[in-house]
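Work through the exercises below with the coordinates open. Try each task before reading its solution.

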Amino acid sequence: MSVPDPRKDPRFRRYRGGAYGVYILLTTLFSVWILWNVGRSVAAMTPERPPAAAQLLTFRECLDGAQALWAELESEREKLVRVSPARNVDRQWMGFRTAWLERLRQRESMCGLDSRDRESLRVVFRRLEGVQDLYTIHAVQYAGEVGGAVDALHAAFATARKSPGAGRLP
C-alpha cells in the first residue's frame, strides 16, 4: 500500500471533494456557455437553405446568376485592400458575406440544384461557396496578421507627407 500524501490532511477530504466538484461544475458551465454562443454566432452568419421554388429558372439563367454572384464576390474581395483601417477588414467582410450568402441561397432555391440534369450547375454553386469560404479566411487573416502593418505603413506615409522636405504632393 502506498503512503498517503502528508500534505493532504484526511480531515479536509470532504472539502477537497466539494472544491473539485465546484471546479468541474463551473468549468462545464463555462464550456457550455462558450459552445452555445459560438453556435448562435455561426447560425446567425449562415443563412438557411430555403426550399426549392415552385417555378425554376432555366439553366442559362441560373448560370448567369452564379456568374453575377461570382463577379460581386470578386469585386468585394478586391476592395479588401482598400479598407482603412485595415484591421476592420474582417468585420466589413462578414457583413457582406452574410448578405451575399442569402442571395446565393435564394438563387440556389430558384435553380433546383437537386435535379440530376443540373449536376454541373450544382458543382458551380458548391465551388462558388467554397471560394467564398476561402475569401473569408483571407479577410480574417489579412485583418489580423497584415492589417496592423498596413495601418502602420499608412500612418508612416501620412507622417512623412507632413515633413517640410516632402514638398507639396498632389
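**Exercise 1. Helix 2 against helix 3**

Task: In this predicted model, find the packing angle and axis separation of helix 2 and helix 3, then classify the pair.

Solution.
- Take the two segments: helix 2 spans residues 59–79 and helix 3 spans residues 89–111.
- Their axes lie 10 Å apart, and the packing angle is about 175 degrees.
- Angles over 145 degrees count as roughly antiparallel. Helix 2 is therefore roughly antiparallel to helix 3.
- List the contact. Helix 2 brings Glu61, Cys62, Gly65, Leu69, Glu72, Leu73, Glu76 and Arg77. Helix 3 brings Gln92, Trp93, Phe96, Trp100, Arg103, Leu104, Arg107, Met110 and Cys111.
- Sort these residues by class: nine are nonpolar, two polar and six charged.

**Exercise 2. Helix 4 and its two partners**

Task: Classify how helix 3 packs on helix 4, and how helix 2 packs on helix 4.

Solution.
- Start with helix 3 and helix 4. Their axes come within 10 Å and cross at roughly 175 degrees.
- Helix 3 is thus roughly antiparallel to helix 4.
- This contact has 15 nonpolar, two polar and eight charged residues.
- Now take helix 2 and helix 4. The axes come within 11 Å, and the crossing angle is roughly 10 degrees.
- Angles under 35 degrees count as roughly parallel. So helix 2 is roughly parallel to helix 4.
- On the helix 2 side, the contact residues are Phe59, Cys62, Leu63, Ala66, Leu69, Trp70, Leu73, Glu74 and Arg77. Helix 4 answers with Ser120, Leu121, Val124, Phe125, Leu128, Val131, Gln132 and Tyr135.
- By class, the contact of helix 2 with helix 4 holds 13 nonpolar, two polar and two charged residues.

**Exercise 3. The nonpolar core**

Task: Which residues have the most contacts inside the largest nonpolar core, and which helix supplies its largest share?

Solution.
- The largest nonpolar core has 23 residues.
- Those with the most contacts inside it are Leu73, Val89, Trp93, Trp100, Leu104, Phe125 and Leu128.
- Assign the core to helices. Helix 2, helix 3 and helix 4 (119–161) each give at least two residues.
- Helix 4 supplies the largest share, eight residues.
- Zoom in on Trp100. Leaving out residues up to four places away in sequence, Trp100 touches Leu69, Glu72, Leu73, Leu128 and Gln132.

**Exercise 4. Overall shape**

Task: How does the radius of gyration of the chain compare with that of a compact globule of 170 residues?

Solution.
- Count the secondary structure: four helices and zero strands. Along the sequence the pattern reads α-α-α-α.
- A compact globule of 170 residues would have a radius of gyration near 15 Å. The chain has 27 Å.
- Along the principal axes, the C-alpha atoms fill a box of roughly 80 × 70 × 25 Å.
- Buried residues account for 23% of the 170 residues.
- Consider contacts between residues at least 6 apart in sequence. Of these, 77% join residues at least 24 apart.

**Exercise 5. Four residues, four environments**

Task: Are alanine 139, aspartate 151, threonine 46 and alanine 54 buried, partly exposed or exposed?

Solution.
- Apply the cut-offs: buried is under 20% relative accessible area, exposed is over 50%, and partly exposed lies in between.
- Alanine 139 sits in helix 4. Its relative accessible area is 0%, so alanine 139 is buried.
- Beyond its neighbours within four places in sequence, alanine 139 contacts Leu80, Val89, Asp90 and Trp93. Alanine 139 and tryptophan 93 are 46 residues apart in sequence but 6.8 Å apart in space, C-alpha to C-alpha.
- Aspartate 151 is also found in helix 4. At 12% relative accessible area, aspartate 151 is buried. With residues up to four places away in sequence not counted, aspartate 151 touches Pro85, Ala86 and Arg87.
- Threonine 46 lies in the loop between helix 1 and helix 2. Its relative accessible area is 31%, so threonine 46 is partly exposed. Not counting residues up to four places away in sequence, threonine 46 touches Arg97 and Arg105. The C-alpha atoms of threonine 46 and threonine 98 are 6.6 Å apart.
- Alanine 54 is in the loop between helix 1 (13–45) and helix 2. Relative accessibility is 86%, so alanine 54 counts as exposed. The C-alpha atoms of alanine 54 and valine 124 are separated by 22 Å.

How values were computed:
Residues numbered from 1 in each chain as written. Predicted model: local features only at pLDDT ≥ 70, side-chain atom pairs only at ≥ 80, totals over all residues. Heavy atoms only, no water. Axes fitted to C-alpha atoms, helices over the stretch in contact; angles between N-to-C directions. Parallel < 35°, antiparallel > 145°, perpendicular 65-115°, else oblique. Contact = heavy atoms within 4.5 Å. Nonpolar A, V, L, I, M, F, W, Y, C, P; charged D, E, K, R; others polar. Core = buried A, V, L, I, M, F, W, Y, C linked by side-chain atoms within 4.5 Å. Buried < 20%, exposed > 50% of the residue type's maximum accessible area, 1.4 Å probe, protein only. Rg over C-alpha atoms; globule rule 2.2 N^0.38 Å.
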